[in-house]
Amino acid sequence: METKRSKTSSQRLLLTGFMLFIILGASPSSALDIHADSEVVVQNGTTGVLHCSFKSSEVVGISTSVTWSFQSSQPDTQFSKAPYVIFYFFNGRSFPAQNEFKDRVQFVGDINKRDVSIQLSPAQFSDNGTFFCDVKNPPDVTGTPARTELRVVLKDSLPQTSTTVIVGAVCGALFILVFIAVAACIVMRVLHSRHDYEGCTALESVSSEAPKPRKKLESSLEGSRSTSPSGPLQGPVIYAQLDHSGSKNSFHKMEPVVYADIRKN
């Protein structure tokens, strides 16, 4: 009985361990998030950069690998049927493929910063097509490769670059600022001149009204001058005239004489 129980318990342990191994081994790894420019336009004969970056919850190490593939959009070429590997990066080393991209592809990213961009120089019309960027960062190995459509065109067919747009916007903003400054200066001058003009008219009105009471005062003074002498007022002077005839009663004969003192102005 004890032997059967021990066999049963051992079988249960083996079954539990097997199930745990299956569950842990079959547990899905976290997916990678890969990003790239949807479209890149490059002038023929110049250098073009294909940007690509990724996000991963795992630490980047020597086991991180990068694969760039290309499929041409031109029919009847060796790259038109299926994507071909043109660049491979692993363990800190670059491995260009043995094809026409060998001497024209260069790794310009930084794997530690999760940047896996490449440079294509010089770009050719045969490079028109789709470039695929794929990254593996074990245990993050599940992710959808990013796609970039490359268009190699002539110089006249290039769209306006962001630099041209930025320069135009800056010039327009400077023109607007200069116009606003000039308008503000004109308005300030007009307001200042109007303020000075109002001050002058106010002073002129005060000065024009001020002499009026003075005229009245002068007229009153002239009237007073015409009615009264300039000197002090003096009443009539009475003098007594004595009789020297020798008569006894001559002392008592007195005639008052009134002299008027009339002065002209």
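This section describes confidence, strand pairing, salt bridges and backbone features in a predicted model.

The average pLDDT of the protein is 74. A score of at least 70 is reached by 58% of the residues. Two stretches fall lower. Residues 20-29 have a pLDDT below 50. Beyond near neighbours in sequence, that stretch has three contacts in the model. Residues 226-231 also stay under 50. For residues 226-231, the model has four contacts beyond four places in sequence.

Strand β5 spans residues 65-72. Six of its eight residues are buried, so β5 is mostly covered. β5 pairs with two strands, β6 and β10. Strand β6 covers residues 84-90 and runs antiparallel to β5, with six bridges between them. Strand β10 covers residues 129-136. The pairing of β5 with β10 is also antiparallel and involves eight bridges. Individual residues show how the strands line up. In β5, Trp68 stands opposite Phe87 of β6. Ser69 stands opposite Phe132 of β10.

Ser69 gives a closer view of β5. Its relative accessible area is 13%. Ser69 therefore counts as buried, since the cut-off for that class is under 20%. Contacts of Ser69 outside its neighbours within four places in sequence include Pro83, Tyr84, Val85 and Ile86. Thr130, Phe131 and Phe132 are also in contact with Ser69. Of these partners, Phe132 is the residue opposite Ser69 in β10.

Strand β6 also contributes to the surface. Val85, Tyr88, Phe90 and Phe95 make a nonpolar surface patch of about 320 Å². Three residues of the patch come from β6, which is the largest share. Tyr88 lies in this strand. Tyr88 has a relative accessible area of 31% and is partly exposed.

Five salt bridges are present in the structure. One of them joins Glu39 and Arg151, whose closest N and O atoms are 2.7 Å apart. Glu39 is in strand β2 (residues 39-43), and Arg151 is in strand β11 (residues 146-153). The two residues are 112 positions apart in sequence, so the pair ties together separate parts of the chain. Both ends of this salt bridge are partly exposed. The relative accessible area is 44% for Glu39 and 37% for Arg151.

A second salt bridge links Arg104 and Asp127. Here the closest N and O atoms are 2.8 Å apart. Arg104 sits in the loop between β7 (93-96) and β8 (105-107). Asp127 sits in the loop between β9 (118-120) and β10. The pair links distant parts of the chain, 23 residues apart. Arg104 is buried, with a relative accessible area of 8%. Asp127 is buried too, at 0%. Salt bridges with shared partners join Arg104 and Asp127 to Glu100 in one network.

Another salt bridge forms between the side chains of Asp134 and Lys136. The N to O distance is 3.9 Å. The cut-off is 4 Å, so this pair still counts as a salt bridge. Lys136 is partly exposed, with a relative accessible area of 29%.

Backbone geometry stands out at several points. Two peptide bonds are described here as cis. Ser121 and Pro122 are joined by a cis peptide bond with omega of about -10°. Pro122 lies in the loop between β9 and β10. The peptide bond from Pro138 to Pro139 is cis as well, with omega near 5°. Pro139 lies in the loop between β10 and β11.

Positive phi values occur in two residues other than glycine, Asp76 and Asn91. Phi is near 60° for Asp76 and near 55° for Asn91. Asp76 belongs to the loop between β5 and β6. Its relative accessible area is 80%, so Asp76 is exposed. Asn91 belongs to the loop between β6 and β7. Asn91 counts as partly exposed, at 42% relative accessibility.

Note on methods
Residues numbered from 1 in each chain as written. Heavy atoms only, no water. Helix = DSSP H or I, 4+ residues; strand = E, 2+ residues; numbered from the N terminus. Buried < 20%, exposed > 50% of the residue type's maximum accessible area, 1.4 Å probe, protein only. Contact = heavy atoms within 4.5 Å. Pairing = 2+ DSSP bridges. pLDDT = per-residue confidence, 0-100. Patch = residues over 30% accessible without salt bridge, like charges linked within 9 Å, V, L, I, M, F, W, Y side chains within 5 Å. Areas by Shrake-Rupley, 256 points an atom, 1.4 Å probe, with all protein chains shown as cover.
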